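Here are some short exercises to work through with the structure open beside you. Try each task before reading its solution.

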Amino acid sequence: MNASQLFETVASLPLQVLIVVIAVVLLSRFVDQAASSCRLWTIGFLSILGLIAVGFMFPHLRLIQNGGGLSESAARTLFVAQVWFVKIMAVVWIIGFSGVLLRRLGRMIVLSQFFSQRCRVMTDEEISTLPLGDQDALPEGLRLLVSFDAHGPFCWQLQRPTIVLPSCLLREDEDEDVLRHVLLHELEHLRTNHPLQHFLQGACNALLWFHPAIWWAARNAELTREFHCDEVAANAGNTIASYLKTLAKIAEQNRAAPTCTLAFGRRKSAIIRRTEHLVSRIESKGDQRSSRDQRRTSLAIGCLFLLVLVVSQLWLPVNVLASSRTRVSPWPNWTAEILHDFGVSVRDYERFDARHDLNVLASDDED
Ligand SMILES: [Zn+2]
C-alpha cells in the first residue's frame with residue numbers, strides 16, 4: 001500500500017465504523033428485547049473487525065471520484081503531506097495500541113493473581129446448597145469461586161467459565177433471593193456467550209482505541225448485556241420488584257470488581273439505568289411483544305448486514321493517486337502478492353492517469 005492508499009484507508013475506516021455504530025444504536029431502539037440488541041452488538045463488533053480486514057486486504061469501489069482539479073504541483077504537495085501524516089499517525093497508533101495491550105496484559109496478571117490469592121474454590125457442599133432449581137443448568141466446566149474481598153459479583157471466561165461471588169453473599173443471614181438473582185444473572189452472561197462479545201468489543205477497542213464511537217459502542221453494549229441478564233434473572237426469580245431490591249442492595253455495597261470482567265454492577269449510574277429499564281418492562285408487560293420482536297429482530301439484522309455491505313464501499317475521495325480511468329482501487333500489495341504466488345493475477349497498481357504522474361513518487365515512497 002502506498003501512502004495515499006493508507007491515507008484513504010485511515011480516513012475512511014473511522015467514518016465507516018461511526019456509521020455502523022450509529023446504525024446499531026438506532027436498530028437497538030427498534031427491537032424490543034435486550035437479547036435482540038445484544039445480538040445486534042455482536043454483529044456490529046464483528047462487522048467492524050470485518051471492515052478493518054476488508055479495508056486493508058481488498059480493493060474497493062470508488063463511488064465518489066476525487067475532483068481531479070488539482071494541478072500537478074498541488075497534487076505533489078498533497079501527496080508529500082499525506083506521506084508525513086501517515087508516518088506520524090502510524091507512530092501514534094502503535095504507541096496507543098501497545099498501551100492498550102500492555103494495560104490489558106497487566107489487568108490479566110492482576111486478575112490471575114486475584115483468583116489464586118484472594119479466592120477459594122467453592123466446595124461441592126456449598127454448590128449443592130445454592131438456591132438454583134433443576135432447570136438452572138450449570139455450564140460445563142464452570143468454576144465457582146468465593147472471594148475473600150468485598151466487591152460485586154462478576155463472571156469471566158478465557159479457558160473455563162468462572163463466576164466469582166463475594167463471601168458476604170454466602171452468609172447464612174443473607175437473603176436467598178439476592179444470591180439466586182445474582183447467580184441467574186451471571187449464568188445468563190455465560191450461557192449467551194457474553195464473554196465472547198466482551199472479547200470482540202475489546203479487540204475493536206484495541207485496534208480503534210482513538211475512536212470515540214468505539215467508546216460509545218462499548219458503553220452501550222455493556223449496558224445492553226446487563227439489561228438482558230437482568231430481564232432473564234428477574235423473570236426467573238420471584239418478581240421484578242424483588243429483583244429491583246437485589247440491584248439496590250448490590251448498588252449499596254458496590255465496590256469495584258476487577259476490570260476486564262463482566263461485573264454485576266460496576267457503576268452506580270448504570271444500575272440506575274438498569275432499574276429504569278426493568279421498571280419500563282413492568283409497565284409494558286401486557287404487550288404482545290414476543291412475536292413482534294422476532295419479526296423486528298430479523299428485519300434489524302437484515303438491515304444491519306445490508307448497511308455494512310454498503311458502508312464497506314464508502315470511501316472518501318482523498319487518494320491523490322487515484323486514477324480517473326477506473327472506479328475500482330488497486331489490490332493492496334500484500335494480498336496481491338499472495339494471490340500472485342497462487343498464480344492469480346490481479347492489478348495492484350493505479351492505471352496511468354494523464355492528469356498527473358505521481359506513481360513514480362509513490363513507488364519511491366514504498367521503497
Ligand atoms: Zn452482569
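**Exercise 1: the start of the sheet**

Which residue in S2 is the bridge partner of Arg-120?

Solution. Keep in mind that this is a predicted model.
- Step 1: Look at how S1 and S2 are joined; three bridges connect them, and the two strands run antiparallel.
- Step 2: Find Arg-120 and follow its bridge into S2, where the partner is Val-146.

**Exercise 2: the next pair of strands**

Find the strand to which S2 is joined by five bridges, and work out the direction of the pair.

Solution.
- Step 1: Begin with S2, residues 143-147, and follow its five bridges to S4, residues 161-166.
- Step 2: Compare directions: S2 and S4 run parallel.
- Step 3: Check this pair residue by residue. Leu-144 has Ile-163 of S4 as its bridge partner, while Arg-143 stands opposite Thr-162 in S4.

**Exercise 3: the whole sheet**

In what order do the five strands lie, and which strands stand at the edges?

Solution. A reminder helps here: strands of a sheet pair through backbone hydrogen bonds, in either a parallel or an antiparallel way.
- Step 1: Read across the open sheet to get the order S1-S2-S4-S3-S5, with mixed pairing.
- Step 2: Take the ends of that order. S1 (119-121) and S5 (262-263) each have a single partner strand, so each is left with one side lacking a neighbour in the sheet.

**Exercise 4: a helix across the sheet**

Which strands does H5 lie across, and at about what angle does H5 run to S3?

Solution.
- Step 1: Locate H5 at residues 176-191 and S3 at 154-157.
- Step 2: Trace H5 over the sheet; H5 lies across S3, S4 and S5.
- Step 3: Take the angle between H5 and S3, which is about 20°.

**Exercise 5: two helices meet**

Describe how H5 packs with H7, residues 212-236.

Solution. Two packed helices are described by the distance between their axes and the angle between them.
- Step 1: The axes of H5 and H7 come within 8 Å and cross at roughly 130°.
- Step 2: The two helices are therefore oblique to each other, and the crossing is right-handed.
- Step 3: List who meets whom. On the H5 side are His-181, Leu-184, His-185, Glu-188 and His-189, and they meet Arg-225, Cys-229, Asp-230, Val-232, Ala-233 and Ala-236 of H7.
- Step 4: Sort the residues of this contact by character: five are nonpolar, three polar and three charged.

Key: Residues numbered from 1 in each chain as written. Predicted model: local features only at pLDDT ≥ 70, side-chain atom pairs only at ≥ 80, totals over all residues. Pairing = 2+ DSSP bridges. Helix = DSSP H or I, 4+ residues; strand = E, 2+ residues; numbered from the N terminus. Contact = placed C-beta atoms within 7 Å. Axes fitted to C-alpha atoms, helices over the stretch in contact; angles between N-to-C directions. Parallel < 35°, antiparallel > 145°, perpendicular 65-115°, else oblique. Left-handed = near helix turned anticlockwise from the far one by under 90°. Nonpolar A, V, L, I, M, F, W, Y, C, P; charged D, E, K, R; others polar.
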